[in-house]
Amino acid sequence: MIKYLQKERPEIIILQEVLRSNKINQVEILKEKLNMEYSIFQVDVNLIYFELGDLILSKVPLDNITIFSKFMVVETNIKKEKINLINTHLTCDFTFQKQKEEIGE
């Protein structure tokens, strides 16, 4: 994944299910390998030895950060144009009822 992203050279990357633990910290590895100065990490699953969460990496500053239970909203500027980024990882529910509630939020 890192080789692919290095080749693509994106200004912003939005990921889900990123691992952070004492032994492996994908947040820091991705920031370093992809030369991304700015990041927002939201823990979705917090277990004893590791966390999984959603990550936004950016080469440009991230502003007006709003974090909700299942998603985060961030403002940034790309080529002098303001954009909003939304990163979400909805609950797994095959009836889609929980996802509908979360989207409504």
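**Group meeting: a walk through a predicted protein chain**

Thr-76 is buried, with a relative accessible area of 1%. I start there and work outwards. The model is a predicted one, and Thr-76 sits in strand S5. Its side chain reaches the backbone oxygen of Pro-61, at 2.7 Å. What does Thr-76 touch, if we leave out residues up to four places away in sequence? The list is Ile-12, Val-60, Pro-61, Leu-62, Glu-81, Lys-82, Ile-83 and Leu-85.

Now the overall layout. The protein chain has 105 residues, and buried ones make up 33% of them. There are 3 helices and 6 strands. In sequence order the pattern reads α-β-α-β-β-β-β-β-α. The C-alpha trace spans about 40 × 40 × 25 Å along its principal axes. The accessible surface comes to about 7400 Å², and carbon and sulfur atoms account for 53% of that. Of the contacts with a separation of 6 or more, 45% are between residues 24 or more positions apart.

A word on confidence. Mean pLDDT for the protein chain is 89, and 100% of the residues reach 70 or more. Which element has the lowest mean, and which the highest? Helix H3, residues 97-104, is lowest at 82, and H2 is highest at 96.

Next, the interior. In soluble globular proteins, nonpolar side chains tend to be buried together. Here the largest nonpolar core has 11 residues: Leu-5, Ile-13, Leu-15, Val-18, Val-27, Leu-30, Leu-34, Met-36, Phe-41, Leu-55 and Leu-57. Three elements each supply at least two of these residues, namely strand S1 (12-21), helix H2 (26-33) and strand S3 (50-58). The largest share, 3 residues, is from S1. There is also a second, separate core of 6 residues, with Ile-56, Leu-62, Met-72 and Val-74 among them.

Leu-34 belongs to the largest core. Setting aside neighbours within four places in sequence, Leu-34 is in contact with Ile-2, Leu-5, Gln-6, Ile-13, Leu-57 and Lys-59. Of these partners, Leu-5, Ile-13 and Leu-57 are also listed in that core.

Now the two ends of H2. At the N-terminal end, Asn-25 acts as the cap, with a side-chain oxygen 3.1 Å from the backbone nitrogen of Val-27. Val-27 is itself one of the residues in the largest core. Just after H2 comes Asn-35, which takes a positive phi of about 55 degrees.

Two further residues have positive phi without being glycine. Arg-9 has a phi near 55 degrees and is found in the loop between helix H1 (2-8) and S1. Is Arg-9 buried or exposed? Its relative accessibility is 66%, and the cut-off for exposed is over 50%, so Arg-9 counts as exposed. Phe-96 has a phi of about 65 degrees, and its place is in the loop between strand S6 (81-88) and H3. Phe-96 is exposed as well, with a relative accessible area of 53%.

Two serines are worth a stop. Ser-21 is in strand S1. The side chain of Ser-21 reaches the backbone nitrogen of Lys-23 at 3.2 Å. Apart from neighbours within four places in sequence, Ser-21 is in contact with Tyr-49 and Phe-50.

The other is Ser-39, in strand S2, residues 38-46. Ser-39 is partly exposed, with a relative accessible area of 26%. How far is Ser-39 from Leu-57, in sequence and in space? They are 18 residues apart in sequence and 4.5 Å apart in space, C-alpha to C-alpha. With neighbours within four places in sequence left out, the contacts of Ser-39 are Lys-31, Leu-55, Ile-56, Leu-57 and Leu-62. Leu-55 and Leu-57 are in the largest core, whereas Ile-56 and Leu-62 are in the second one.

Last, back to the strand that holds Thr-76, which is S5. Strand S4 (residues 63-67) and strand S5 (residues 71-78) run antiparallel, joined by 3 bridges. They form a hairpin, with 3 residues between them. Within that pairing, Thr-66 stands opposite Val-73 in S5.

Definitions and conventions. Residues are numbered from 1 along each chain as its sequence is written. This is a predicted model: local features need pLDDT of at least 70, side-chain atom pairs count only at pLDDT 80 or more; totals for chains, interfaces and linings use all residues. Side-chain values use heavy atoms; hydrogens and water are left out. A nonpolar core is a set of buried Ala, Val, Leu, Ile, Met, Phe, Trp, Tyr and Cys residues joined through side-chain atoms within 4.5 Å. Buried means under 20% relative accessible area, exposed over 50%, partly exposed in between (1.4 Å probe, protein chains only). Helices (H or I, at least four residues) and strands (E, at least two) are DSSP runs, numbered from the N terminus. Contact means heavy atoms within 4.5 Å. A polar contact is a pair of N or O atoms within 3.5 Å; within protein, one must be able to donate a hydrogen and the other to accept it, and residues adjacent in sequence count only if both atoms are side-chain atoms. pLDDT is the predictor's confidence in each residue, from 0 to 100. Two strands pair if DSSP finds at least two bridges between them. Accessible areas come from the Shrake-Rupley method with a 1.4 Å probe; for residues, only the protein chains shown count as cover.
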